[in-house]
Amino acid sequence: MPIVQFAPFSSLIQPSFWHELTNIKIDVLQLSDEAIPISGSYSAGRSVTDRESGKEIALGCNLSVGSESFSKETKYVSRNLCIALALILLRVVPGSIPTLGTFKNYNTIEEFKAADKTALFNQEATKIWEHIIATRDTTRLSSFLLITFADLKKYKYYYWFAFPAFVSKPAWEIPEDWKNASEEFSVETLTKIHDQLHSRASPLPFFLVREDATISPVEDYSTFFASTPPSSRTIAFIDPSAHPTNPGWPLRNLLAYLRALYPEETSSVRVLCWRDTDLPSSLWKSRFGVVEVSGAAPSNTERPSAVGWEKNPQGKLGPRVADLAPMMDPTRLANQAVDLNLKLMRWRILPSLDLDKISSTKCLLLGAGTLGCYVARTLMGWGVRTITFVDSARVSFSNPVRQPLFEFEDCLDGGKPKAECAAARMKKIYPGIIYTDRETQNSSGFSLSIPMPGHPVPQASIAQTKADVEKLEALIDEHDVVFLLMDSRESRWLPTVIGAAKGKIVMNAALGFDTFLVMRHGARASSVAPNGARLGCYYCNDIVAPSDSLTDRTLDQMCTVTRPGLASIAASTAVELLASLLQHPDGVHAAAPPPNQEPGSHSEDSGGSVLGLVPHQLRGFLAQFRNVPIIGAAYDRCTGCSETVIRAYETEGFDMMLKAFNDPKYLPQLTGLDKLYDEGEAALESVDWDEDDGEGDF
């Protein structure tokens, strides 16, 4: 007699599965190679009609996995290792049969190749067999195994499925060929079976059929068939195969189940391969046959051998490869690659690092020169998506060698506007940068002149100056962090005042020839807790109001004369200080570490963040290759962040600013610095100087 030939399962992987695996590998599994449960599904076999020949062509006997295959319920232990739950949520398309599987991902391709695949397969087969014997349950009959290696740098996924199926010895035979189910059952009987299957709340992959067309789960074999003769008992299953003579793979383990539990009654089995998900208009698709096995009944104490590794496209036993890189959107690839490098920090070094806190921070860069370019590049490295430039200058021929966002072509024809040019170059470097100008959708750079104290505004320019101030206020409103990266001292005053009034994080970086200053401005006085120490701003150490420092300068004073490597050091330091500040639970209110703190004391327990210390100021000395952390207390007469100045700005608005721009005495009078000058002069005059000519001393 002919031996029954079974159609093996063929894996069908939805693209969403690889996307979900990528997320789980990065965020959950990380370095763990723990086996975790997943789910898959299959449905009744389908066929298509060939237009030329009119013949029915059977489609594959597919078992499908997708993003829903991974359990949404996981628990975590130290370092975010994922420990799989015993129960996985099965969420499948209506009409499909859910099945459980085991998933194991390896960290390297070498581990994937060297894995003991025989042991893994036997372990899965043993779980199926022991489940049959111990529970008489059929839920694991179609279990599968999936091992993978995910090369997330190249978006290549190596994988190998196994669908363990028990081998019958001797083999099952079929005396007569498979035939259409309508030749064995009436249309009325088949219709009743169909209606019962569709009326059930949950799918029934394996079921029993009596002569009266009633059905029941296979687990009810003894009671359901108690008064039914063997010749009238039918074993049925949802058949994923559409081949006319080859039933689907689940039948193998169903027959093994019956022989293990009911050996005396199952040497001959009537089998209904159910393939009709919908009531047919003419011919039924389901198949029927009687299979037989000779020999003595097997012992259920010993697991039979099993087969089931899937063959690769070449027809050989071996893994397959899914290369998604050519099919993926390059912008999406860039986003994932940037996030991957950052998320790898959390695998071993910083599991508590909150990357979303950094990447979602909106940064406004005032100045698109040497500091601005390097700050922007470092922010991109941290995955920051929203970076906006403000600058009024144009690219000159000296810029490209020192400012990495510009090229020689940008200098031609008078030079491109720096802010727009830098924004466009950022978009080319990293397409994930988010546009800030939502109206035009063409730039995140603004050519804007920032008004300054000591630089009077002519009457004809007041309207334009007011518009510039309003634009600057709107930009600061839209962002979380403001970087002050301008060339002059007085140009930092206006954003300092606005940033303090609006409660923004303000980062400052300034360069000397071989020295630099990086600092974070302290919070507004009214927002600091009573008796709390308040950190100062850029102007708190000065007793002189900002004034014109740009007029009457020689060439070396007009140009930024610094050691070439200094700007990148200062810019990187400023961004790293911001990253550490964002990780601190107190944010802008974070206290600065004391100057005498031990260098190794930078943990969260000692007042730092997960990234280390959060100093107030860092003064760098390149000639000595040394950085010195400094704390500068807030000054209640400060022209930049004192409550007097901020309240005057909030009350008078642009009128107050105009006074500061036009009148060099306004800010000293407003803050009381003029009285401090008078007191100082009076103190000097009251000193009784000893004016001995000292001629006898020489």
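Reader: How are α12 and α13 oriented to each other?

Author: In this predicted model, helix α12 (residues 462–478) and helix α13 (residues 493–501) pack at an angle of about 45°, with their axes 10 Å apart. Angles under 35 degrees count as roughly parallel and those from 65 to 115 as roughly perpendicular, while an angle that falls in none of the named ranges counts as oblique. The orientation of α12 and α13 is therefore described as oblique.

Reader: Which class, nonpolar, polar or charged, has six residues in the contact of α12 with α13?

Author: The crossing of these two helices, α12 and α13, is right-handed. On the side of α12 the contact is made by V469, L472, E473 and I476, and on the side of α13 by L494, P495, I498 and G499. Sorted by class, one residue is polar, one is charged, and the six others are nonpolar.

Reader: Which strands are the edge strands of the open sheet?

Author: The sheet is built from six strands with mixed pairing, in the order β11-β16-β15-β14-β12-β13. An edge strand pairs on one side only, and this holds for β11 (179–180) and β13 (215–217).

Reader: Which residue of β14 stands opposite F206?

Author: Strand β12 (residues 206–209) and strand β14 (residues 234–238) run antiparallel and are joined by four bridges. Opposite F206, the residue that stands in β14 is F237.

Reader: At about what angle to β14 does helix α6 run?

Author: Helix α4 (residues 187–199) lies across β12, β13, β14 and β15, and runs at about 70° to β15. Helix α6 (residues 250–261) lies across β12, β14, β15 and β16, and its angle to β14 is about 145°.

How values were computed: Residues numbered from 1 in each chain as written. Predicted model: local features only at pLDDT ≥ 70, side-chain atom pairs only at ≥ 80, totals over all residues. Heavy atoms only, no water. Pairing = 2+ DSSP bridges. Contact = heavy atoms within 4.5 Å. Axes fitted to C-alpha atoms, helices over the stretch in contact; angles between N-to-C directions. Parallel < 35°, antiparallel > 145°, perpendicular 65-115°, else oblique. Left-handed = near helix turned anticlockwise from the far one by under 90°. Nonpolar A, V, L, I, M, F, W, Y, C, P; charged D, E, K, R; others polar.
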